[in-house]
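Q: Please take one part of this model and go through it closely, following its contacts outward. I would like a single connected account rather than a list.

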Amino acid sequence: MTEITFPQDEGDPLTVDLKHPGIAALLAWLIPGAGHFYQGRKGKAVLFFVCIMGIFLFGLGLGRGRVVYASAKPGDYRWQYLCQVQCGLVALPAVAQWLQTADGKDPFFVLCERYPGNYPDVSLQFKKITPENQDPQYSGPTLKDGFMAPPPGPVSLGNDPDVMSMWYFDYRHDYDMGLLFTTVAGLLNVLVIYDAAVGPAIITPLQKRLDQQ
Amino acid sequence: MFEISTLLAITGLLALGAAQIWYSIPLIIAVSLVWGATRHERLTEIITQSIRSLIWVLTFMGIIFALIFCAGYLQ
């Protein structure tokens with residue numbers, strides 16, 4: 001059990017019971033707010049859960065389930081995932097998808113299929129297969145977008161199209177906004193994990209006086 | 001003066017008319033609340049800190065908007 005006490009300008013000092021800080025930090029990482037719930041700081045737990053999960057899920061929706069994925073392919077090092085994964089469990093399916101697709105297998109939870117990059121009709125390369133543009137003659141391999149899976153097919157290192165460029169084409173600024181929301185959600189949860197582990201960064205009256213001097 | 005600058009920032013942001021700007025609102029609110037809650041423990045202090053952060057962020061965005069807007073005129 002770890003308790004910290006903050007002296008106040010007026011009234012009784014504020015005491016925060018951190019219980020087992022390591023466990024609280026782990027829970028805070030797994031589910032935003034869970035660490036605070038474990039410590040009995042229920043109001044803050046609800047606030048963190050609603051704010052962080054809210055913007056994470058909103059961002060995931062804006063990016064149609066494609067903004068959170070893990071990848072280390074040349075030309076597609078997904079550094080943003082290091083931020084997104086700070087949201088814990090909700091970002092972990094991306095790891096399963098990464099492992100699943102690493103040797104070219106189809107992802108779990110397929111969202112749509114696309115024509116491959118070598119499809120004879122250039123205007124349909126990498127495009128989504130829809131009832132309007134479906135080619136009944138074509139029976140070759142297709143590219144499959146998966147929920148939280150890396151973009152299928154080759155990654156273009158130049159200006160040639162690839163699936164990632166089609167995601168930007170299909171979802172426009174929603175894709176960027178989704179990426180921003182999910183990345184910021186992860187960064188905010190770093191603050192929450194810190195708060196669960198060592199308590200709030202309260203400025204005490206002594207620190208205030210030192211700052212004023 | 002602070003209130004005027006905030007008003008200017010909000011007016012500037014809304015005057016943009018771009019749909020994308022509305023996406024910033026939930027993000028700014030969430031960031032302000034989480035920031036406030038990691039610096040305080042009591043609800044009133046969290047809300048006060050959050051409002052202060054919200055105003056600061058909006059003012060900062062307003063200043064950046066004004067700079068870019070003026071730079072557009074100078075082109």
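A: A starting point is A:R172, which counts as exposed because 11 C-beta neighbours lie inside 10 Å and the limit for an exposed residue is 12 or fewer. The model is a predicted one. A:R172 sits in helix α6 of chain A, and its phi is near 50°, a positive value in a residue other than glycine.

Helix α6 of chain A has a partner within its own chain. Its axis and that of helix α1 of chain A (residues 21-30) come within 7 Å, crossing at roughly 160°. α1(A) and α6(A) are therefore roughly antiparallel to each other, since an angle over 145 degrees counts as such. The crossing of α1(A) with α6(A) is right-handed. From α1(A), the residues in this contact are A:P21, A:A24, A:A25, A:A28 and A:W29, and α6(A) supplies A:V192, A:I193, A:A196, A:A197 and A:V198. By class, the residues of the contact of α1(A) with α6(A) are ten nonpolar, with no polar and no charged ones.

From there the account moves to the other chain. Chain A puts 22 residues in contact with 14 residues of chain B. On the side of chain A that touches chain B, two or more residues each come from β2 (14-19), α3 and α6 (163-198) of chain A. α3(A) gives the most to that side, nine residues. The whole of that side of chain A comes to 17 nonpolar, three polar and two charged residues.

Strand β2 of chain A holds A:K19. Phi of A:K19 is near 50°, again a positive value in a residue other than glycine. A:K19 is partly exposed, because 16 other C-beta atoms lie within 10 Å.

The contact of α3(A) with chain B can be followed to a particular helix. The axes of α3 of chain A (residues 42-62) and α2 of chain B (residues 24-37) come within 10 Å and cross at roughly 150°. That angle makes α3(A) roughly antiparallel to α2(B). Their crossing is left-handed. α3(A) brings A:K44, A:L47, A:F48, A:C51, A:I52, A:G54, A:I55 and A:F58 to the contact, where they meet B:P26, B:L27, B:A30, B:L33, B:V34 and B:A37 of α2(B). These residues divide into twelve nonpolar, one polar and one charged.

α2(B) itself has 14 residues and spans 20 Å from its first C-alpha to its last, close to the 20 Å expected at 1.5 Å a residue. Its buried residues are B:A30, B:V31, B:S32, B:L33, B:V34, B:W35, B:G36 and B:A37. Their cover includes α3 and α6 of chain A, together with α3 (43-74) of chain B. With α6(A) among the elements over those residues, the path returns to the helix that holds A:R172.

As for the chain around α2(B), the secondary structure of chain B consists of three helices and zero strands, in the order α-α-α from the N terminus on. Of its 75 residues, 20% count as buried. Among contacts in chain B between residues at least 6 apart in sequence, 61% join residues at least 24 apart.

Conventions: Residues are numbered from 1 along each chain as its sequence is written. Chains are lettered from A and ligands numbered from 1 in the order in which they are written. This is a predicted model: local features need pLDDT of at least 70, side-chain atom pairs count only at pLDDT 80 or more; totals for chains, interfaces and linings use all residues. Axes are lines fitted to C-alpha atoms, for helices over the stretch in contact, and angles run from 0 to 180 degrees between N-to-C directions. Helices (H or I, at least four residues) and strands (E, at least two) are DSSP runs, numbered from the N terminus. Angles under 35 degrees count as roughly parallel, over 145 as roughly antiparallel, 65 to 115 as roughly perpendicular and the rest as oblique. A crossing is left-handed if the near helix is turned anticlockwise from the far one by less than a right angle, and right-handed if clockwise. Two residues are in contact if their C-beta atoms, placed from the backbone, lie within 7 Å. Ala, Val, Leu, Ile, Met, Phe, Trp, Tyr, Cys and Pro count as nonpolar, Asp, Glu, Lys and Arg as charged, and the others, Gly among them, as polar. The expected span of a helix is 1.5 Å times one less than its number of residues.
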